[in-house]
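Student: I should like a close look at a single part of this structure. Please choose one helix and describe its surroundings in a connected account.

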Amino acid sequence: MKVSEETLLESGFSPADVLKIKSNVENFGGTPDEAIQDLAKRFNVAKWITLVAFVILTLTSLLSTKNNTLSLAFALMAGLPLIWYLTPARLAFKAWRYQYTTRSEGDQ
C-alpha cells in the first residue's frame, strides 16, 4: 500500500492530520505507510481493550455485588478515556478506516 498526501486527504484526513503524520515520520523515522499501519494497530488495540472491558463489566454486573460493579464502572470511566487519549483516537480511527477501505478496494 502506497500512502500519499493526496490519498490521505481524499479519504477524510484533514490537512492538520496529514501534517501530524508527516511530522511524526520526520521526528521518529519510518514511512507514512508505517505510520498509518501503526495508528490503525493502535486503534484496534484500544477497540479490543474497550470491548473486553465492557464484557467484563457486564459479567461483573451479572455475577457480582453492586459495589464491585460500581467500582469497576468508575475505574473504567477513569481508565478508558486515558487509553483513548493516548491512542490519538480520531487520527487512529481515520488510519484504520483508510486501511480498511484501501484493503477492501484492493480485493475487488
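Tutor: The account below follows helix H2, its partners and the regions to which these lead. The model is a predicted one, and every value given here is computed from its atoms.

Helix H2 runs over residues 15-28. Its 14 residues reach 20 Å from the first C-alpha to the last, close to the 20 Å expected at 1.5 Å a residue. Four of its residues, Asp-17, Val-18, Ile-21 and Val-25, are buried. These residues lie on the same side of H2, because they cover an arc of only 100° around the axis. As a general matter, an α-helix has 3.6 residues a turn, so residues three or four places apart point the same way. The face of H2 turned away from the buried side carries the exposed residues Pro-15, Leu-19, Lys-20, Glu-26 and Asn-27. After the helix comes Gly-29, with a positive phi near 85°.

Val-18 is a useful place to begin on the buried side. This residue of helix H2 has a relative accessibility of 4% and therefore counts as buried, the limit being under 20%. Setting aside residues up to four places away in sequence, Val-18 touches Glu-5, Leu-8, Leu-9 and Phe-13. Between Val-18 and Leu-8 there are 7.2 Å from C-alpha to C-alpha, and the two are ten residues apart in sequence. Leu-8 in turn touches Val-3, Phe-13, Val-18, Ile-21, Ile-36 and Tyr-98, with the same neighbours in sequence left out.

The contacts of Leu-8 lead to the largest nonpolar core, which has 15 residues. Leu-8, Phe-13, Ile-21, Ile-36, Leu-39, Ala-95 and Tyr-98 are those with the most contacts inside this core. At least two residues of the core come from each of helix H2, helix H3 (32-63) and helix H5 (89-107). The most is given by H3, which supplies five residues. H3 has 32 residues and reaches 46 Å between its end C-alpha atoms, close to the 46 Å expected at 1.5 Å a residue. Its buried residues include Asp-33, Ala-35, Ile-36, Leu-39, Ala-40 and Phe-43.

The polar partners of H2 come next. Side chains of opposite charge can pair when their charged atoms come close. Two salt bridges are found in a search of the whole structure. In one of them, the side chains of Glu-5 and Lys-22 meet at 3.1 Å, N to O. This pair links distant parts of the chain, with Glu-5 in helix H1 (residues 5-10) and Lys-22 in helix H2, 17 residues apart. Glu-5 has a relative accessibility of 38% and so counts as partly exposed. Lys-22, with a relative accessible area of 37%, is likewise partly exposed.

The side chains of Asp-17 and Lys-94 also meet in a salt bridge, at 2.6 Å, N to O. Here Asp-17 in helix H2 is linked to Lys-94 in helix H5, 77 residues apart. Both Asp-17 and Lys-94 are buried; for Lys-94 the relative accessible area is 13%. Apart from its neighbours within four places in sequence, Lys-94 is in contact with Gly-12, Phe-13, Ser-14 and Asp-17. Of these partners, Phe-13 is among the residues with the most contacts inside the nonpolar core, and Phe-13 also touches Val-18.

The loop before H2 deserves a look as well. Ser-11 lies in the loop between H1 and H2 and is partly exposed, with a relative accessible area of 22%. Not counting residues up to four places away in sequence, Ser-11 touches Arg-97 and Tyr-98. Tyr-98 is also touched by Leu-8. By contrast, Ser-11 and Ser-61 are 40 Å apart in space, C-alpha to C-alpha, and 50 residues apart in sequence.

Finally, two features concern the surroundings of H5. Pro-88, in the loop between helix H4 (66-86) and H5, has a positive phi near 40°. Most residues other than glycine have a negative phi. Pro-88 is partly exposed, with a relative accessible area of 31%. The other feature is aromatic: ring pairs link Phe-43, Trp-84, Phe-93, Trp-96 and Tyr-100 into a cluster. One member of this cluster, Phe-43, is also among the buried residues of H3.

Methods. Residues numbered from 1 in each chain as written. Predicted model: local features only at pLDDT ≥ 70, side-chain atom pairs only at ≥ 80, totals over all residues. Heavy atoms only, no water. Core = buried A, V, L, I, M, F, W, Y, C linked by side-chain atoms within 4.5 Å. Buried < 20%, exposed > 50% of the residue type's maximum accessible area, 1.4 Å probe, protein only. Contact = heavy atoms within 4.5 Å. Expected span 1.5 Å × (residues − 1). Salt bridge = Lys/Arg side-chain N within 4 Å of Asp/Glu carboxyl O. Phe/Tyr/Trp six-rings, centres within 6.5 Å; stacked < 30°, edge-to-face > 60°. Arc of directions from axis to C-beta.
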